[in-house]
Structures are given as C-alpha cells and as structure tokens.
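Student: Please take a close look at one part of this structure, the charged side chains, and then follow from there into the parts around them. I am new to it, so explain the terms as you go.

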Amino acid sequence: EVWRQGNPYTIEELLDVFEKNNVVEDLRNGHHLVLTGGSPIKQQGMLIEFYNEIVKKHLFLPYIEIENECTLMPSRQMSLIVNCWNNSPKLSNSGMNKEQRYKPAIIKLLSTLNNSWFKFVISKEEDWKEIEDDFLNSDLIKRKQIILMPEGQCQEELNKKREMVMELAVKENVRFTDRLHITIWNRKTGV
C-alpha cells in the first residue's frame, strides 16, 4: 500500500522538504540519494532538473544511485549524473513476457557505465541458465557485475530459497545478496 500513496511535489517543495529534514546535510556528508520505484528513468528529465537545482542551490554534487529495471534507455545527461546503477532486469520467473522485460540494447549500454551492477532475483536453480543464455553468452554483461538474490515475499519463502541461491552464487563465482528488509521486518512496508 505504501507505494500506492504519494505526495506530488514541485522541485522547490521537495528541496524545502530535504532542507527541513536535514537531507541536504546528510547528502553533503556522504549519504546516497537512492532513486527507485520500478523505473525512475521514466522521470529522468525531472530527475536531472532536480539534481541540477540541488547543485545550483547547495553547491555540491550528491551521490546518486538508480534502482532500475533496464527497460528504458537513460539519456546521456542522466548517465553522467548517476554514480551507481543498481540494475535488476526481470527473468521469466517474474511472470512478465520477454518483450516487456528484456531489452538487450539498454542492458548492453548499462553494462558499460561505471559502477553498474545487475541483480537477478532467483526462484530456482534453473534461473541461472537464463542468465547465462540471455546475458552472459550474448556478451551483454560481465560475470563480475552479477549479484544473485533469493526470491521471497516473506521470511518463510526467503528461508526456503536462501541456501540454494548462496550455493549457486558460490558455484558460479558471482556475488550474493539477501533481502535484509524481509529478514528483519518480514512483510512490513513503510519502514
């Protein structure tokens, strides 16, 4: 439910919220501004404008991370302001059709950007074959960019898959990440 609610802000209003809540100082002191929500690239024009206003008003460059589903092409200007690309292309286990979720030209471009990672949600060991076929064997991404994460919407589901995904990551010599928010809070949102 938390993702369905929102408050529309102008850039000026959002900067006021940032200032009143010490977010600007946190960013100045090294905190990351993480932009997420499925596909923040849909709003890249406004995000670039927001970034430029922060720089103009506060005279520093905030560290920007994008959590991205790899289905929309970032502009050159967007790629220049992002410090870390947390890409999460969907696999067939997502239930989405391949035409919607698999965009090779976008994935290839993202793989060439500095600090670009590709996190894959794994529900079964066979998901690795899809990663090999669609991403590695086609030279879209490099093995060193891969992070595997177990699928699980609750602690019980996560606990069933965690060990299998850890073993797969070790076997394939790639990184592993857990779903720490699920481990700590289970299904709770807005924390």
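Tutor: One definition comes first: a residue is called buried when its relative accessible area is under 20%, exposed when it is over 50%, and partly exposed in between. The model is a predicted one.

Start with helix 3, which runs over residues 44–58. Glu 53 has a relative accessible area of 23%, so it is partly exposed. Its partner is Lys 56, and the two form a salt bridge whose closest N and O atoms are 3.5 Å apart. Lys 56 is exposed, because its relative accessible area is 59%. The two residues are 3 apart in helix 3, which means that about one helical turn separates them. In general, an α-helix has 3.6 residues a turn, so residues three or four places apart point the same way. Side chains of opposite charge can pair when their charged atoms come close.

A pair with a like spacing is found in helix 2, residues 23–28, where Arg 28 and Glu 25 are again 3 residues and about one turn apart. Their side chains meet in a salt bridge of 3.2 Å, N to O. Arg 28 has a relative accessible area of 36% and is therefore partly exposed. Glu 25 is also partly exposed, at 37%.

The next pair joins two separate elements. Glu 125 and Lys 171 form a salt bridge through their side chains, at 3.7 Å from N to O. Glu 125 is in the loop between strand 4 (116–122) and helix 7, while Lys 171 is in helix 8, so the salt bridge ties together parts that lie 46 residues apart in sequence. Glu 125 is partly exposed, with 40% relative accessible area, and Lys 171 is exposed, at 59%. In the whole structure, 12 salt bridges are found, and those described here are among them.

Some charged residues sit together on the surface instead. Glu 12, Glu 13, Asp 16 and Glu 49 form a negative surface patch. Helix 1 (residues 11–20) gives the most to this patch, with 3 residues. Glu 49 belongs to helix 3, the helix that also holds Glu 53 and Lys 56. Glu 49 counts as partly exposed because its relative accessibility is 41%.

Now follow the chain from Glu 125 into helix 7, residues 127–136. In helix 7, 7 of the 10 residues are buried, so the helix is largely enclosed by the rest of the structure. The buried ones are Asp 127, Trp 128, Glu 130, Ile 131, Asp 134, Phe 135 and Leu 136. Viewed down the axis of helix 7, these buried residues fall within an arc of 160°, and therefore they line one face. The list includes the charged residues Asp 127, Glu 130 and Asp 134.

Helix 6, residues 104–112, can be read in the same manner. Its buried residues are Ile 106, Ile 107, Leu 110 and Ser 111. They cover an arc of only 135° around the axis, so they are on the same side of helix 6. Ala 105 and Thr 112 are exposed and are carried on the face turned away from that buried side.

Helix 8, residues 155–172, holds Val 170 as well as Lys 171. Val 170 is exposed because its relative accessibility is 67%. From Val 170 to Glu 151 there are 19 residues in sequence, and the C-alpha atoms are 17 Å apart.

Beyond it comes helix 9, residues 180–185, which contains Trp 185. Leu 180, Ile 184 and Trp 185 form a nonpolar surface patch with about 320 Å² of accessible area together. Trp 185 has a relative accessible area of 39%, so it is partly exposed.

Asn 186 lies in the segment after helix 9. Its phi is near 60°, a positive value in a residue other than glycine. Most residues other than glycine have a negative phi. Asn 186 is partly exposed, at 28%. Cys 70 is another residue that is not a glycine and has a positive phi, of about 70°. Cys 70 is in the loop between strand 2 (63–68) and helix 4 (76–81). With 0% relative accessibility, Cys 70 counts as buried.

Conventions:
Residues numbered from 1 in each chain as written. Predicted model: local features only at pLDDT ≥ 70, side-chain atom pairs only at ≥ 80, totals over all residues. Heavy atoms only, no water. Patch = residues over 30% accessible without salt bridge, like charges linked within 9 Å, V, L, I, M, F, W, Y side chains within 5 Å. Areas by Shrake-Rupley, 256 points an atom, 1.4 Å probe, with all protein chains shown as cover. Salt bridge = Lys/Arg side-chain N within 4 Å of Asp/Glu carboxyl O. Charge placed at Lys NZ, Arg CZ, Asp CG, Glu CD. Helix = DSSP H or I, 4+ residues; strand = E, 2+ residues; numbered from the N terminus. Buried < 20%, exposed > 50% of the residue type's maximum accessible area, 1.4 Å probe, protein only. Arc of directions from axis to C-beta.
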